[in-house]
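Please open the model in your viewer and keep the selection panel at hand. We will go from stop to stop, choosing what to select next and looking at what is there.

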Amino acid sequence: MKIAHVIIGLETGGAEMMLRRLLLAHRSQGGAPGTVISLTGIGPVGQRLRDDGIEVIALGMRTPLGALLAVVRLRRLLLQLRPDVVQTWMVHADLLGGLAARAAGLRAIVWGIRTTDFSINPPATRAVRWLCARLSSTLPHVIVCAAEASRRAHVRAGYDASRMVVIPNGFDPAAWQPQRSTCLRRELGLAEPHLVIGCVGRFNVAKDQGNFIRAAARVAAQRGDCRFLLVGRGLEPGNAELMQWIDATGNRERFVLLGERADVAACLGAMDIFVLPSRSEGFPNALGEAMAMGLPCVTTNVGDAAMLLGDTGSVVPPRNPAALAEAALALAALPLEQRRQLGQRARERVLDRFSLQQTSERFAALHRRVVAEVQ
């Protein structure tokens, strides 16, 4: 079966990384990985896909005004490829990819939804989502949500609930092996007595690193041995806004900023406790990866985070640094062996209920069903 995956771009992000993992898993199970079409540029994830031997085509859309031209180019490309299924990823690709596919005479169209909180989106994105809601009963054959919370939010926004299914993200146990990154800790000046509390995610209002930093200030006031590790695009000393938040804590020397890294597993291995401080998520990849690494975790109650974590960690309200700090301090106070046991339970939960193989199989089954139903 030939699948065309249409996505707005291939910068580093949760959806982009999940797309790559899904294609590699599908190929490892004997399936054809298909073609990835970026409406904008190649980006770092697109280059990694090409290095993996997967076809990536970039249409070069640079401005919203170029959207019409992108639809024309995409229609022409789909007429050449004649895929069995067009799978789109996220709201802009849902709209433009869906229109181009239908214009090419294709009906096996599957939309992909990942977000939950529309309030943080710019007005143009909210307008695209409104239009998608109006078209959701006619343009896509099925709408895949990465989280139950995403499904509920989009039903409230007017999407056709009868076309929606939920397929959560999956995690590869081979890629996320519990291990202590002793060398990286040493390189970063993190001594073994230091208890490292960390988070992973690009600098973005939805990821709410400000919440993490305010919570860290409270933790630092009570624990002199704690250090705070931030990993993700934009989390670096050159970010003036971020440094202003950190300087306000009076503990600048206790924060380590790594920026975007390719070795996220090693960065997680340098942590003792993982924190997801977000104010909005769908199905949080970073939390699942930390769990798969066997880390005890604290998460805000956003998207499907609480469902993912279950009873293997702590869940607190979003935008509440006092609660976040209290939960982190409670984990820090546990004996080392108890923290390890909690992390092991988290890993077992992810591998049992949210494996990449399960996710890949569910997508493959859905695509087969859609092809059968549109014939």
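Start by selecting Asp117, which sits in the loop between strand S5 (109–113) and helix H5 (123–135). A word on names: helices (H or I, at least four residues) and strands (E, at least two) are DSSP runs, numbered from the N terminus. Residue numbers start from 1 along each chain as its sequence is written. You are looking at a predicted model, where local features need pLDDT of at least 70, side-chain atom pairs count only at pLDDT 80 or more, and totals for chains, interfaces and linings use all residues, while side-chain values use heavy atoms and leave out hydrogens and water.

Is Asp117 buried, exposed or partly exposed? Asp117 is partly exposed, with a relative accessible area of 24%; buried means under 20% relative accessible area, exposed over 50%, and partly exposed in between (1.4 Å probe, protein chains only). Leaving aside neighbours within four places in sequence, Asp117 is in contact with Arg279 and Ser280, where contact means heavy atoms within 4.5 Å. Now add Ala206: 89 residues separate Asp117 and Ala206 in sequence, yet they are 8.6 Å apart in space, C-alpha to C-alpha.

**Asp208 and helix H8**

Next, pick Asp208, in the loop between S8 and H8. This residue is not a glycine, but its phi is positive, near 55°. Asp208 counts as buried, at 5% relative accessibility.

Stay here and colour helix H8 (residues 209–222) together with helix H13 (residues 321–332). Two packed helices are described by the angle between their axes and the distance between the axes. H8 and H13 pack at an angle of about 50°, with their axes 8 Å apart. Axes are lines fitted to C-alpha atoms, for helices over the stretch in contact, and angles run from 0 to 180 degrees between N-to-C directions. H8 and H13 are therefore oblique to each other: angles under 35 degrees count as roughly parallel, over 145 as roughly antiparallel, 65 to 115 as roughly perpendicular and the rest as oblique. To see the contact, show Asn211, Phe212, Arg214, Ala215, Arg218, Val219 and Gln222 of H8 with Pro321, Ala322, Leu324, Ala325, Ala328 and Leu329 of H13. By class, this contact of H8 with H13 has 9 nonpolar, 2 polar and 2 charged residues. Here Ala, Val, Leu, Ile, Met, Phe, Trp, Tyr, Cys and Pro count as nonpolar, Asp, Glu, Lys and Arg as charged, and the others, Gly among them, as polar.

Now swap H13 for helix H9 (residues 240–249): the axes of H8 and H9 come within 9 Å and cross at roughly 15°. H8 and H9 are therefore roughly parallel to each other. On the H8 side, show Gln209, Gly210, Ile213 and Ala217, and on the H9 side Leu242, Trp245, Ile246 and Thr249. The contact of H8 with H9 has 5 nonpolar, 3 polar and no charged residues.

**The core and helix H11**

How many residues are in the largest nonpolar core? There are 35, and those with the most contacts inside this core are Leu268, Met271, Phe274 and Leu287. A nonpolar core is a set of buried Ala, Val, Leu, Ile, Met, Phe, Trp, Tyr and Cys residues joined through side-chain atoms within 4.5 Å. Among the elements that give two or more residues to this core are strand S8 (195–200), strand S11 (273–276), helix H11 (285–292) and helix H14 (336–353). H11 gives the most, with 5 residues.

Select Leu287 and look around: apart from neighbours within four places in sequence, Leu287 is in contact with Phe274, Leu276, Cys297, Thr299, Ala305, Leu308 and Leu309. H11 is mostly covered, with 8 of its 8 residues buried. Just after H11, Gly294 takes a positive phi of about 80°.

**Asp304**

For the last stop, choose Asp304, in the loop between strand S12 (297–300) and H12. At 6% relative accessibility, Asp304 counts as buried. Show what Asp304 touches, not counting residues up to four places away in sequence: Ala147, Glu148, Ala149, Gly282, Phe283 and Pro284. Asp304 and Pro284 are 20 residues apart in sequence and 7.4 Å apart in space, C-alpha to C-alpha.
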